[in-house]
Amino acid sequence: MNTNLSNYNRNLKLNTSIENRTIYSADYAELNVFETQKVAEKVNLQFGFPIIASMLTGKKVMHLEGMKSFEFFPGESVVLPSEKKMVIDFPIANAKNPTRCLALGIDPDKIKETVQIFSENTRIDFENDNHSFDASAIHLANNHQVQFVLDRIFSTFLEDGTAKDALLDLMVKELIIRLLQTKAKVMLVDNETLFDNNRMAFIVKYMREHLTENINVDKLADKACMSTSNFYRNFKNTLGETPIDYLNGERIKFAKKLIQKTAWKFSDIAYKSGFNNTSYFNRQFKRFEKITPNQYRKLVKGNLT
């Protein structure tokens, strides 16, 4: 890991002394590396996609809803669902020995694809688990197999080469399978496959396939053959957010890919992502990503300028 940190240090972009962020992107994953250089408390962090977080150096104290607060050390991982709010303390961070943590976001479609392949070949057993499908976060301590794959993914993100994305794709699949062999499988299967073959799954698929079209709640309710009020309530109960918030989140994910892969103006990216108003696009991007589209472009490793 020392070599990885040395390579990472050469790419680090420091802005403030709390949760400085560097982003590395691939086809189906996004690696966020955070560095904190001073003691801090009650720092809020949230992602718009499922993540697995792993400590690199230092120590954090994690406060997550539904769980007792716990200390987070190198060699440990935490798996969190989309939009999970974290409150973090940094009790020992300083400029000479900063606290570093990586957060790997994985495309939900890649999770679903891998879960389906795995479940077709290996039975996913929940019978002997001592936790429920309501798990909101999973703390994995001393799981060497998961940590080994995360270390390899980190190393590969820092490399250059034509095979980089292909290698990361294989490693991300391996990581998902490793997680399916832990108690984190509850979260992956619950979030990605339990709602197959129902109307909400159909609507989500429809939204993803028609991101650039003019979509409103009435139209979605009609597609689901439900009243608007009943559809709105069922969608929010199933997915934890309103239909428009979910749609905007999917549009922002698509916009991020365009930012990574093109040098287009942000007004064009907004239009191609389904936003008719650039100002609204900017506000939604800042809401979901906590940074502006321009800041995101500058943060992405190897970004187009």
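**Nonpolar cores, a helix pair and a buried serine**

The largest nonpolar core of this predicted model comprises 33 residues, with L104, F157, L175 and L179 making the most contacts inside it. Such a core is a set of buried Ala, Val, Leu, Ile, Met, Phe, Trp, Tyr and Cys residues joined through side-chain atoms within 4.5 Å; buried means under 20% relative accessible area (1.4 Å probe, protein chains only). Among the elements that each supply at least two residues are β2 (29-36), β9 (99-106) and α3 (144-157), while α4 gives the most, with 7 residues. Helices (H or I, at least four residues) and strands (E, at least two) are DSSP runs, numbered from the N terminus. Beyond its neighbours within four places in sequence, L104 is in contact (heavy atoms within 4.5 Å) with residues including L31, I52, L150, F157 and L175. A second, separate core has 22 residues, among them A40, V43, I51 and I88.

Residues are numbered from 1 along each chain as its sequence is written. Local features need pLDDT of at least 70 and side-chain atom pairs pLDDT 80 or more, whereas totals for chains, interfaces and linings use all residues; side-chain values use heavy atoms, without hydrogens and water.

Turning to the C-terminal direction of the numbering, S273 is found in the loop between α10 (266-272) and α11 (278-289). Its relative accessibility is 0%, so S273 counts as buried. The S273 side chain reaches the backbone oxygen of I269 at 2.7 Å. Leaving out residues up to four places away in sequence, S273 touches L211, T212, R251, F254, A255 and L258.

How values were computed:
Buried means under 20% relative accessible area, exposed over 50%, partly exposed in between (1.4 Å probe, protein chains only). A polar contact is a pair of N or O atoms within 3.5 Å; within protein, one must be able to donate a hydrogen and the other to accept it, and residues adjacent in sequence count only if both atoms are side-chain atoms.
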